[in-house]
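Student: Hey, got a minute to look at a fold with me? I'd like to talk through how its pieces pack.

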Amino acid sequence: MTFGGQPAYLRVAGDLRKKIVDGSLPPHTRLPSQARIREEYGVSDTVALEARKVLMAEGLVEGRSGSGTYVRERPVPRRIARSGYRPVGGATSFRQEQAEDGSFGSWESRSEQTVADAEIAERLGIEAGERVMRTHYLYRESGEAMMLSTSWEPLCLTGRTPVMLPEEGPLGGMGVVERMAAIDVIVDNVTEEVGARPGLAEELLSLGGVPGHVVIVIRRTYYASGRAVETADVVVPADRYQVAYHLPVR
């Protein structure tokens, strides 16, 4: 069934979404039951169910076992600032931006040697199967998981050097620019490609999201004279954070 060319379940979902946004259905309110939706909108059980699924996928409502479906608390998006690749004082951009914002950030990391798959090899300009150092990060703000990052560095460049492990050694945690400079590799460019997609199950588990939530993905690559020296995927929950760029005018 359609209404004005729009599938009925989208019309129902749109009306319920409007009520959630304007406060007619405030947070923690129980969403009308499937039977109530069917009667109020004159639709089938299937349409009512699909409308509820849309709202759940959008993160507007959540199911509670044995209790029903409730409107979720809508978080006020917080800002994650990105201000370029050359921080002052040798800190990573995350550490610098946390300090500037007066936030209390912490992070966990683990590094491991692995081989580059076809995608990572292309991004780094190396052959698939070459050895890379992969580092996983989980960043927290005031104890709450806020961002994931996975980085890859070619071991043909950093292997057997003091900066082989990004978070260990004399320059551990100092960031790509400063670490590379220590081995006479001068980073002079960085690219960031920003997109969005549904979060993977393991990502949402780490970030405290629910299935269907959208994440912002930043694909970052550092270059030295045209050669990629590090590439990373940064993952941010889109319902809780906005990514703000502060770029110098040259």
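Tutor: Happy to; we'll take a helix pair and then a sheet, keeping in mind that this is a predicted model.

Student: Cool. At roughly what angle do the axes of H1 and H3 cross?

Tutor: Roughly 50°, with the axes of H1 (residues 8–21) and H3 (residues 45–57) coming within 8 Å. That angle makes H1 oblique to H3.

Student: And is the crossing left-handed or right-handed?

Tutor: H1 and H3 cross in the right-handed sense.

Student: Which residues make the contact?

Tutor: H1 brings Ala-8, Tyr-9, Leu-10, Val-12, Ala-13, Leu-16 and Arg-17, while H3 brings Val-47, Glu-50, Ala-51, Val-54 and Leu-55. By class, the residues of this contact are 10 nonpolar, no polar and 2 charged.

Student: Nice. Switching to the sheet: what's the strand order?

Tutor: The order is E6-E7-E8-E11-E10-E9, an open sheet of 6 strands with antiparallel pairing.

Student: Which strands stand at the edges?

Tutor: E6 (105–115) and E9 (189–198) do. Each has a single partner strand, so one side of each is left without a neighbour in the sheet.

Student: How much are neighbouring strands turned against each other?

Tutor: On average by 15°, ignoring direction.

Student: Back to E6, how many bridges does E6 form with E7?

Tutor: There are 11 bridges between E6 and E7 (residues 131–141), in the antiparallel sense. As a concrete case, Glu-108 has Leu-138 of E7 as its bridge partner.

Student: And what do strands of a sheet pair through, in general?

Tutor: Backbone hydrogen bonds, in either a parallel or an antiparallel arrangement.

Methods. Residues are numbered from 1 along each chain as its sequence is written. This is a predicted model: local features need pLDDT of at least 70, side-chain atom pairs count only at pLDDT 80 or more; totals for chains, interfaces and linings use all residues. Side-chain values use heavy atoms; hydrogens and water are left out. Axes are lines fitted to C-alpha atoms, for helices over the stretch in contact, and angles run from 0 to 180 degrees between N-to-C directions. Helices (H or I, at least four residues) and strands (E, at least two) are DSSP runs, numbered from the N terminus. Angles under 35 degrees count as roughly parallel, over 145 as roughly antiparallel, 65 to 115 as roughly perpendicular and the rest as oblique. A crossing is left-handed if the near helix is turned anticlockwise from the far one by less than a right angle, and right-handed if clockwise. Contact means heavy atoms within 4.5 Å. Ala, Val, Leu, Ile, Met, Phe, Trp, Tyr, Cys and Pro count as nonpolar, Asp, Glu, Lys and Arg as charged, and the others, Gly among them, as polar. Two strands pair if DSSP finds at least two bridges between them.
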